[in-house]
Amino acid sequence: MENIFVLKFLFLWKTECVLCTAVDEGCEHVHKVVEQVTSMGFPCYIAMLEQVMALQPHLPFLRTQEWKEMKHTVDENLRKKFCELFSSCKTASAQQDLHDQLLQTVLKQCAYSLGFRKMFLGDNSTTLSVRILSQVALGRGSQLPARVHFKATSQNVEVYRPMRELLENEIIDYLNLQNITVPRPPTFQPNCTSIASCTEEFVRCLQKDFPATIPTIFRTGDKLVSTTETAKEHDSSADSFTNDDFCALCASNLDTEKGEASALNATVVSQKYSSKRPQEILQQNAVPVQECSKDPGGGMCHCARGGGGCGKTEVNVDQKWEMAKTVEQCLCYGCRVTLRDLADTGLLPAKVQAAVAEQKQRKIMREQIQDFLL
Ligand SMILES: [Zn+2]
């Protein structure tokens, strides 16, 4: 179990390693953390966050002397895809949220592939208070129980948070008393301010003057339960929940089936009429007539305006639009919000796209046999 406990720090370091320009410097930080962990007698596994882009998860490897001497063990192709995905995020909040979801996915994948069915995380009440407020702002309010409660089950792995009752300061003081030097775990830092970073600054500033701030937020957030979770607990039939009930990106229970008289439906309708249609995007991205290869003379092709011709731009935009809509149907509300700030859904991890394709196929099959079901 200790292996997984330290893994989170490694991922965070590794993320820095991937995203920062000074790769060597990032690797040095990873080595420092690994040295610290192994010096305390814990076996230490290492995995890369970029592996989330691969269709099949890679097995984390045990820290050995050989690894110590290795510099770059990252698959360049995966690294490139990973960087493209994060570069395509239009906002820092989307970048941060996507990073958090992928980190959780890789942690659970690694735990599962190593044969662990229980995973202990080092979340404390300070980080959880920030998470409670920021997750609500990001549209993930229904997922709070899974992200805050002492125990939550996701992707066949039970996640525990044994230190959630402690403040960050208390943990740091304890480590100092025990003469344990732990390199400060770095967090993912987008270039500009995100909702999560603003929330963290707000909560920490408030805590300085009002020490009851964090306990109050934490206790309040801890009482919240999801109606989906409650329904699941009361449902005696475990088979009633299929893969289609889970988000393809973050694996949370889907919270998007709320009926017509719901705030979610009102938001969807509003977005439907206020967002740009493919035709409008086409007009914005239209290739100037004189640049069209099919009509070098210019003037008659109109290919980019949906009027015929080569139709290349039209197909690409339509395909992207359709794909984004298909992916959106398989995501929870929070992931949909993040997806809206992603320039191209085709850059999402291969496993997410495979899950979307599978859900789409199941939906088609269900519609086909609908009339024959008893
Ligand atoms: Zn999701």
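Two strands are taken to pair when DSSP finds at least two bridges between them. On that basis, the predicted model contains an open sheet of 3 strands, arranged in the order β3-β5-β4 with mixed pairing. The edge positions belong to β3 (118-120) and β4 (151-154); each has a single partner strand, so one side of each is left without a neighbour in the sheet. On average, and with direction ignored, neighbouring strands of this sheet are turned by 25° against each other.

The mixed character of the pairing can be followed strand by strand. β3 and β5 (residues 157-160) run parallel and are joined by 3 bridges. Here F120 has Y160 in β5 as its bridge partner. On the other side of the order, β4 and β5 pair in the antiparallel sense, over 4 bridges. In this pairing K151 stands opposite Y160 in β5. Y160 is thus a handy residue to pick out when viewing the sheet, with F120 as its bridge partner and K151 opposite. In a regular strand, side chains alternate between the two faces of the sheet.

The connection between β4 and β5 deserves a closer look. These two strands form a hairpin with 2 residues between them. Q155 is found in the loop between β4 and β5, and its phi is near 50°, a positive value in a residue other than glycine. Most residues other than glycine have a negative phi. Q155 is partly exposed, with a relative accessible area of 35%. The sheet also has a helix for company: α5 (residues 92-113) lies across β3, β4 and β5, and runs at about 120° to β5.

Attention now turns to the metal site. The zinc ion is coordinated by the SG atoms of C247, C250, C332 and C335, at 2.2 to 2.3 Å. The angles among the 4 donor atoms range from 105 to 117°, and the site is tetrahedral. For four tetrahedral donors, the ideal angle at a metal is 109.5 degrees. Along the sequence, the donor residues follow the spacing C-x2-C-x81-C-x2-C. C247 lies in the loop between α11 (227-234) and α12 (263-274), and C332 in the loop between α14 (312-329) and α15 (333-340), so this pair ties together parts that are 85 residues apart in sequence. Both members of the pair are shielded: C247 counts as buried because its relative accessibility is 4%, and C332 counts as buried at 0%.

Around the zinc donors, two further residues help to fill in the picture. A251 is found in the loop between α11 and α12. The phi of A251 is near 65°, again a positive value in a residue other than glycine. With 17% relative accessibility, A251 counts as buried, whereas Q155 in the hairpin is partly exposed. The other residue, Y333, is found in helix α15 and is partly exposed, with a relative accessible area of 23%. Leaving aside residues up to four places away in sequence, Y333 touches G139, D255, T256, L264, T267 and R340. One of these, L264, is 69 residues from Y333 along the chain, yet the C-alpha atoms of the two are separated by 8.4 Å.

What is the disulfide count, given a cut-off of 2.5 Å between cysteine sulfur atoms? The count comes to 0 disulfides. Two other cysteines can be placed by their accessibility: C83 is partly exposed at 26%, and C205 is partly exposed as well, with a relative accessible area of 42%.

Finally, some totals set these local features in context. The secondary structure of the protein chain comes to 16 helices and 5 strands. Of its 374 residues, 41% count as buried. Among contacts between residues at least 6 apart in sequence, 70% join residues at least 24 apart.

Terms used. Residues are numbered from 1 along each chain as its sequence is written. This is a predicted model: local features need pLDDT of at least 70, side-chain atom pairs count only at pLDDT 80 or more; totals for chains, interfaces and linings use all residues. Side-chain values use heavy atoms; hydrogens and water are left out. Axes are lines fitted to C-alpha atoms, for helices over the stretch in contact, and angles run from 0 to 180 degrees between N-to-C directions. Contact means heavy atoms within 4.5 Å. Donors are N, O and S atoms within 2.8 Å of the metal (3.2 Å for Na, K and Ca); water is not among the atoms, so sites may look incomplete. Four donors count as tetrahedral if all angles lie between 85 and 135 degrees; four count as square planar and six as octahedral if opposite donors are over 155 degrees apart and all others between 65 and 115; anything else is irregular. Buried means under 20% relative accessible area, exposed over 50%, partly exposed in between (1.4 Å probe, protein chains only). A disulfide is a pair of cysteine sulfur atoms within 2.5 Å.
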